[in-house]
Amino acid sequence: MTVAIKFSGVSRHFGIVRAVDGVNLEIAEGEFFALLGPSGSGKTTCLRLIAGFEQPTAGSIAIFGEDATQVPPYRRPVNTVFQDYALFPHLNVRDNIAYGLMVRGDGKSARRAAADEGLELVALDGFGDRKPSELSGGQRQRVALARALVMKPKVLLLDEPLGALDLKLREQMQSELKSLQRRLGIAFVFVTHDQGEALSMADRVAVFNEGQIQQVGSPEDVYDRPQAPFVADFVGASNVLPADIVNAVIGTHAAASLRPEAITLGSGPLGGVVEAQAFLGSATRIEVRCNRQIIKVLIPKGGVVPAIGEVVQMGWAPGALHMMDGAHG
Ligand code: ATP
């Protein structure tokens, strides 16, 4: 495995704010890698450190095995697609796409050929003469993508690139981005606060909280085998059962996570009272109070939904209860 990006003990502090705090990370060549976490958890700062727009206050960053500390952004084999796309309004689409090539000094015909190739790559052939204002949000997003890709980066950095799109377009762009990444075979490092987006697109996910990485793993790892209560809660809103409840139920004194969709109603070791119901379309989520703990349960469409105030027993399949490392009571 060739390592494209390596963070060794990287921190970026702004005064007393520890935006990134002692991060170790390896991203492989050709990998679709998601940086996932809530707002302010340090994802964008990590991306900016890779791009060279920020410098670490401690630690080091290597890009394809070479220390990048002294390498300015334009010399790094990476390009960024920004959330707001940052297109030049007065330039047409072709000139926007070719802008980086012009700055680099490429000739006019080479620029035109590369821009047309870029337009084709993002399925916008024929749009070269339009101005950004004459495009939809999704089309502008593709132009930003083409503009970054014509520079032939070895790593593409994407900062919440789908944030401004409506749900339907977002889902379409998710699968297009995924297949584009497969075709190009370069690493994509993708910042998002949307768990579903990270899980559905990435080969591996790093879950951030307060400047630190809580867990790195495949989507299945972080979803099914969370190593910390924060990961269990953030990635798919799992139930975190405190050690006293787990102890009472299965005799092991450790906190554990339990997915709302893994719980069955009817019989089982955990009892409680239904306190809330929420209709989600394809399922209904209920909240069951067991002493001081609220347990979320997802009932698929067609299942029997108990009324508020009803007493229910909850069970789960063997293996659904996942013990957490480093969990607190
Ligand atoms: P979001 O999803 O909202 O973009 P994020 O996870 O990308 O959040 P960052 O943008 O990396 O988070 O910010 C992490 C922390 O660092 C935040 O508390 C932020 O306010 C702070 N921060 C980021 N850039 C600067 C800066 N230039 N000066 C001071 N503080 C900063």
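## Ser41, the ligand site and the spaces in the chain

The backbone oxygen of Pro38 lies 2.7 Å from a polar atom of the side chain of Ser41. This detail belongs to a predicted model, and it makes a handy starting point for a walk through the structure. Ser41 sits in the loop that runs between β3 (32–36) and α1 (43–51). Is Ser41 buried or exposed? With a relative accessibility of 2%, Ser41 counts as buried, because the cut-off for buried is under 20%. Apart from its neighbours within four places in sequence, Ser41 is in contact with Ala19 and with a run of residues much further along the numbering, namely Phe208, Asn209, Glu210, Gly211 and Gln212.

One of these partners, Glu210, deserves a second look. Glu210 lies in the loop between β9 (204–209) and β10 (212–217). Its phi is near 50°, a positive value in a residue other than glycine. While Ser41 is buried, Glu210 is exposed, at 63% relative accessibility. Ala123 offers another case of a residue that is not a glycine but has a positive phi, here about 60°. Ala123 is placed in the loop between α4 (108–121) and α5 (137–149), and with a relative accessible area of 51% it is exposed.

The ligand comes next. Which residues are found around the ligand? They are Phe14, Val17, Ala19, Pro38, Ser39, Gly40, Ser41, Gly42, Lys43, Thr44, Thr45 and Glu160. Ser41 and Pro38, the pair from the opening contact, are thus both in this group. Backbone and side-chain atoms both come within reach of ligand oxygen atoms. A polar backbone atom of Gly40 is 2.7 Å from an oxygen atom of the ligand, and for a polar backbone atom of Gly42 the distance to a ligand oxygen is 3.0 Å. In the case of Thr44, a polar atom of the side chain lies 2.6 Å from an oxygen atom of the ligand.

Helix α1 spans residues 43–51, and Lys43, Thr44 and Thr45 are among the residues around the ligand. How many of the nine residues of α1 are buried? Seven of them are, so α1 is largely enclosed by the rest of the structure. The buried residues of α1 are Lys43, Thr45, Cys46, Leu47, Leu49, Ile50 and Ala51. After α1 comes Gly52, which has a positive phi near 95°.

Leu49 also leads to an empty space inside the model. A search of the whole structure turns up one cavity of 30 Å³ or more. Its volume is about 40 Å³. Leu49 lines this cavity together with Glu54, Gln55, Pro56, Ile61, Ala68, Thr69 and Arg76. By class, the lining is made up of four nonpolar, two polar and two charged residues.

Pockets can be described in a similar way. The largest pocket has a volume of about 680 Å³. Its lining consists of 22 residues, and Tyr74, Val78, Asn79, Gly100 and Met151 are the ones nearest its centre. Two or more lining residues come from each of β6 (78–81), α3 (99–104) and α5. Which element gives the largest share of this lining? That element is α3, with four residues. In terms of class, 15 of the lining residues are nonpolar, three are polar and four are charged.

The second largest pocket holds about 200 Å³ of space. Around it are Ala114, Glu117, Gly118, Leu121, Leu149, Val150, Lys152, Pro153, Leu184 and Ile186. Here α4 gives the most to the lining, again with four residues. Seven residues of this lining are nonpolar, one is polar and two are charged.

Finally, a view of the whole chain puts these parts in context. The chain contains ten helices and 17 strands. Along the principal axes, its C-alpha atoms fill a box of roughly 75 × 45 × 35 Å. Of the 329 residues in the chain, 46% are buried, and Ser41 is one of the buried residues. Among contacts between residues at least 6 apart in sequence, 64% join residues at least 24 apart. The contacts of Ser41 with Phe208, Asn209, Glu210, Gly211 and Gln212 show on a small scale how residues with distant numbers can meet.

Key: Residues are numbered from 1 along each chain as its sequence is written. This is a predicted model: local features need pLDDT of at least 70, side-chain atom pairs count only at pLDDT 80 or more; totals for chains, interfaces and linings use all residues. Side-chain values use heavy atoms; hydrogens and water are left out. On a 1 Å grid over the protein atoms alone, a cavity is a set of points where a 1.4 Å probe fits but cannot get out, and a pocket is an open set with protein on both sides within 12 Å along at least five of seven lines; lining residues have an atom within 4 Å of a point. Grid points are joined across faces, edges and corners, and a volume is the space filled by probe spheres set on the points. Ala, Val, Leu, Ile, Met, Phe, Trp, Tyr, Cys and Pro count as nonpolar, Asp, Glu, Lys and Arg as charged, and the others, Gly among them, as polar. Buried means under 20% relative accessible area, exposed over 50%, partly exposed in between (1.4 Å probe, protein chains only). A polar contact is a pair of N or O atoms within 3.5 Å; within protein, one must be able to donate a hydrogen and the other to accept it, and residues adjacent in sequence count only if both atoms are side-chain atoms. Contact means heavy atoms within 4.5 Å. A residue is near a molecule or strand if one of its heavy atoms lies within 4 Å of it.
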